[in-house]
Amino acid sequence: MPVASAHSVFMDVVEKSDSNIKVKAYYGGGEPMKDAEVNVYAIGENGESLYIEEATTDGNGFYSFSPEEGKDQYRIVASDFGHRAEKEIDISSKSSAQSSSGASSNLPLSASIVAGFGYLAGIAGVGMMISARRMKKKYEEK
């Protein structure tokens, strides 16, 4: 069952090498996911296995770990109060597998809020238009 989220969360790869992987988890408005629980899964030929359990991000939403010898792919999951960000990383490739959860939007948080209210106002307008047409039909029938 998917995790419900009031707003989007993201995870970016900050550093990726054979000796260190560092990610940043943050909310849609840019606020870091402070002290979020982090689980790291090593992905191998036989599927996923839990590599690091119940670690936490720092106060700025960063988390780093040393990769296991012989493992090139990882799935990192950060969760905090029902919000969940995850990222798959392949350290053997130049770029990470772009599978960050949440819908990507380049709008700032305030613009996203205004856009949301605009969307709701549009739905209300359509509802009022339908209601007005029904009322007009009843009035014309009399």
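Strands, like helices, are DSSP runs numbered from the N terminus, a strand requiring at least two residues. With that convention, G70 is found in the loop between β5 (62-65) and β6. The model on display is a predicted one.

**Stop 1: the loop at G70**

Select G70 first. This glycine is exposed, because its relative accessible area is 70% and the class begins over 50%. Now add G44 to the selection. The two glycines are 26 residues apart in sequence, and their C-alpha atoms are 9.4 Å apart in space.

**Stop 2: the four-stranded sheet**

Display the strands as a cartoon and select β4, β3, β6 and β7. They form an open sheet of 4 strands in the order β4-β3-β6-β7, with antiparallel pairing. The edge strands are β4 (47-56) and β7 (83-90), each of which pairs on one side only. From one strand to the next, the twist averages 20 degrees.

Begin at the β4 edge. Strand β3 (residues 37-44) pairs with β4 in the antiparallel sense over 7 bridges, and a hairpin of 2 residues joins β3 to β4. To see one of the bridge pairs, select Y41 and look for its partner in β4, which is L50.

Move next to the other edge. Here 8 bridges join β6 (residues 73-80) to β7, and the two strands run antiparallel. Select R75 to find one such pair: its bridge partner in β7 is E88.

**Stop 3: the salt-bridge network around R75**

Keep R75 selected and show side chains. Side chains of opposite charge can pair when their charged atoms come close. By the rule applied here, the count comes to 3 salt bridges.

Which residue in strand β4 is linked to R75? Select E48: its side chain meets that of R75 in a salt bridge at 2.8 Å, N to O. The pair links distant parts of the chain, with R75 in strand β6 and E48 in strand β4, 27 residues apart. R75 is buried, with a relative accessible area of 13%, whereas E48 is partly exposed at 40%.

Next, select E86. Its side chain meets that of R75 in a salt bridge at 3.4 Å, N to O. E86 lies in strand β7 and R75 in strand β6, so this pair ties together parts that are 11 residues apart in sequence. E86 counts as partly exposed because its relative accessibility is 21%, and the buried class is confined to values under 20%.

Finally, add R84. The side chains of E86 and R84 meet in a salt bridge at 3.3 Å, N to O, and R84 counts as partly exposed at 35% relative accessibility. Salt bridges that share partners thus join E48, R75, R84 and E86 into one network.

**Stop 4: K87, a lysine without a salt bridge**

Remain in strand β7 and select K87. This residue is buried yet has no salt bridge. How far away is the nearest side chain of opposite charge? That side chain belongs to D12, and the separation is 4.7 Å; a salt bridge requires a side-chain nitrogen within 4 Å of a carboxyl oxygen. Select M11 as well: its backbone oxygen lies 3.4 Å from a polar atom of the K87 side chain.

**Stop 5: T57 and its backbone contacts**

Go to T57, in the loop between β4 and β5. Is T57 buried or exposed? T57 counts as buried, at 4% relative accessibility. Two backbone atoms are worth displaying with its side chain. The backbone oxygen of M33 lies 2.6 Å from a polar atom of the T57 side chain, and the backbone nitrogen of A36 lies 2.9 Å from a polar atom of that side chain. Leaving aside residues up to four places away in sequence, T57 touches M33, K34, D35, A36, V38, F62 and Y63.

**Stop 6: I21 and its surroundings**

End the tour at I21, in strand β2 (residues 21-27). This isoleucine is buried, with a relative accessible area of 0%. Select the residues it touches, not counting those up to four places away in sequence: E15, Y63, S64, F65, P67, Y74, I76, I89 and I91. For one of these, Y74, draw the C-alpha to C-alpha distance: I21 and Y74 are 53 residues apart along the chain, and these atoms are separated by 9.7 Å.

Definitions and conventions
Residues numbered from 1 in each chain as written. Predicted model: local features only at pLDDT ≥ 70, side-chain atom pairs only at ≥ 80, totals over all residues. Heavy atoms only, no water. Pairing = 2+ DSSP bridges. Axes fitted to C-alpha atoms, helices over the stretch in contact; angles between N-to-C directions. Buried < 20%, exposed > 50% of the residue type's maximum accessible area, 1.4 Å probe, protein only. Contact = heavy atoms within 4.5 Å. Lys, Arg positive; Asp, Glu negative; His and termini not counted. Polar contact = N/O pair within 3.5 Å; in protein donor to acceptor, adjacent residues only side chain to side chain.
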